[in-house]
Amino acid sequence: MTLSTTVGVLALQGAFFEHTKLLKQAATQLQAENEARWVFIEVRTVEQLERCDALIIPGGESTTVSLVAARSNLLEPLRDFVKVHRKPTWGTCAGLILLAESANRTKKGGQDLIGGLDVRVNRNYFGRQTESFEADLDLPFLSDAAASKPEPFRGVFIRAPVVEKILAPGSGGQQQQQEEEDSRNETVIAPSRDHTDELDAPKPVEVMATLPGRSRRLAEKLEEAELNDDTGDIVAVRQRNVFGTSFHPELTPDARIHGWWLRQVLDAVRSADSPQAAT
């Protein structure tokens, strides 16, 4: 029997059409690898979200997306989708901000977060719209058996955030994190959610990509940045079911990241449907 997997793209604001286009392109390229049947839908309601096996939160304006999600009664279901049911979720740019457990440089109380990634992000870290740029990124996770090192991926950064701190994994650190953040201005925290499996130990955040060479030039602008020149700026992270990128893969013709993520989704869906998962 062919497995049918439904992937939603949150379509409240932002580049949801572009994501859907690249998802379809990637799915076509993946047909030769497996027999999966993909269904891609735009998500604007709770009912549409409930149909999804996985979700993309696109780039756009994170404050606008969170406000519309709250008014559409989607905010709490999104938190459950990501943090309780732990379904595969990918956020790009604004989506990364929303999926962070903490966001800096925002009006306190004016930015609701979904959470899921134990990181603190700095919104608009790279500056205003006029300071947007493109850069080649080394993404080792895109490598396959045919190539030891993948071709660079052209990252598009538009008022992009950056991961400025990796937090201790697990919701148990919320209180300690809150005490730290209370001393900061313009910082918000995502509400905690408990997964149903108490035996499921927290997993740390994986750094999937960095952009070296920019921290030094931005150090005077961002006194709170906690990265160093050796580390570079963290622009892609993964933790358990959640993946986040500072840049916009959907604004390029390159579907490699979408293809890689669909493989992760397929593995997660098959694992959830396995007899071992049901016991």
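In the predicted model, A103 is buried, with a relative accessible area of 0%. This residue is placed in strand 5. A separation of 12 residues in sequence lies between A103 and G115, and their C-alpha atoms are 9.8 Å apart in space.

Strand 5, which spans residues 100–104, also contains E101. E101 counts as buried, because its relative accessibility is 4%, below the 20% cut-off for that class. E101 forms a salt bridge with K83, and the closest N and O atoms of the two residues are 3.0 Å apart. K83 lies in helix 4, so the pair ties together parts of the chain that are 18 residues apart in sequence. With a relative accessibility of 9%, K83 likewise counts as buried.

A further salt bridge is found within helix 4. E76 pairs with R79 in this way, with the closest N and O atoms 2.6 Å apart. Both E76 and R79 belong to helix 4, where they stand three residues apart, about one turn of the helix. The two partners fall into separate accessibility classes: R79 is buried, at a relative accessible area of 4%, whereas E76 counts as partly exposed, at 39% relative accessibility.

Helix 4 (75–84) is also among the elements that cover the buried residues of helix 3; strand 1 (4–10) and helix 5 (94–99) are included in this cover as well. Helix 3 comprises residues 62–71, and within it S62, V65, S66 and A69 are buried. Viewed down the helix axis, the buried residues of helix 3 fall within an arc of 95 degrees, so they line one face of the helix. S66, a residue of helix 3, counts as buried because its relative accessibility is 2%. Leaving aside residues up to four places away in sequence, S66 touches L98, Q111 and D112.

The two ends of helix 3 show distinct local features. At its start, a side-chain oxygen of E61 reaches to within 3.1 Å of the backbone nitrogen of T63. Just after helix 3, N73 adopts a positive phi of about 60 degrees.

E61 also takes part in a salt bridge. Side chains of opposite charge can pair when their charged atoms come close. The structure holds 10 salt bridges, and one of them is formed by R159 with E61, the closest N and O atoms being 3.9 Å apart. R159 is located in the loop between strand 8 (153–157) and strand 9 (162–166), while E61 is located in the loop between strand 3 (54–57) and helix 3; the pair therefore ties together parts that are 98 residues apart in sequence. R159 counts as partly exposed, with a relative accessibility of 33%.

The accessibility of K83, at 9%, places this partner of E101 in the buried class. Elsewhere in the structure, E61, R123 and R159 are joined into one network by salt bridges that share partners. E61 thus appears in two settings: its side-chain oxygen reaches towards the backbone nitrogen of T63 at the start of helix 3, and its salt bridge with R159 belongs to the network that includes R123.

Terms used:
Residues numbered from 1 in each chain as written. Predicted model: local features only at pLDDT ≥ 70, side-chain atom pairs only at ≥ 80, totals over all residues. Heavy atoms only, no water. Buried < 20%, exposed > 50% of the residue type's maximum accessible area, 1.4 Å probe, protein only. Helix = DSSP H or I, 4+ residues; strand = E, 2+ residues; numbered from the N terminus. Arc of directions from axis to C-beta. Contact = heavy atoms within 4.5 Å. Polar contact = N/O pair within 3.5 Å; in protein donor to acceptor, adjacent residues only side chain to side chain. Salt bridge = Lys/Arg side-chain N within 4 Å of Asp/Glu carboxyl O.
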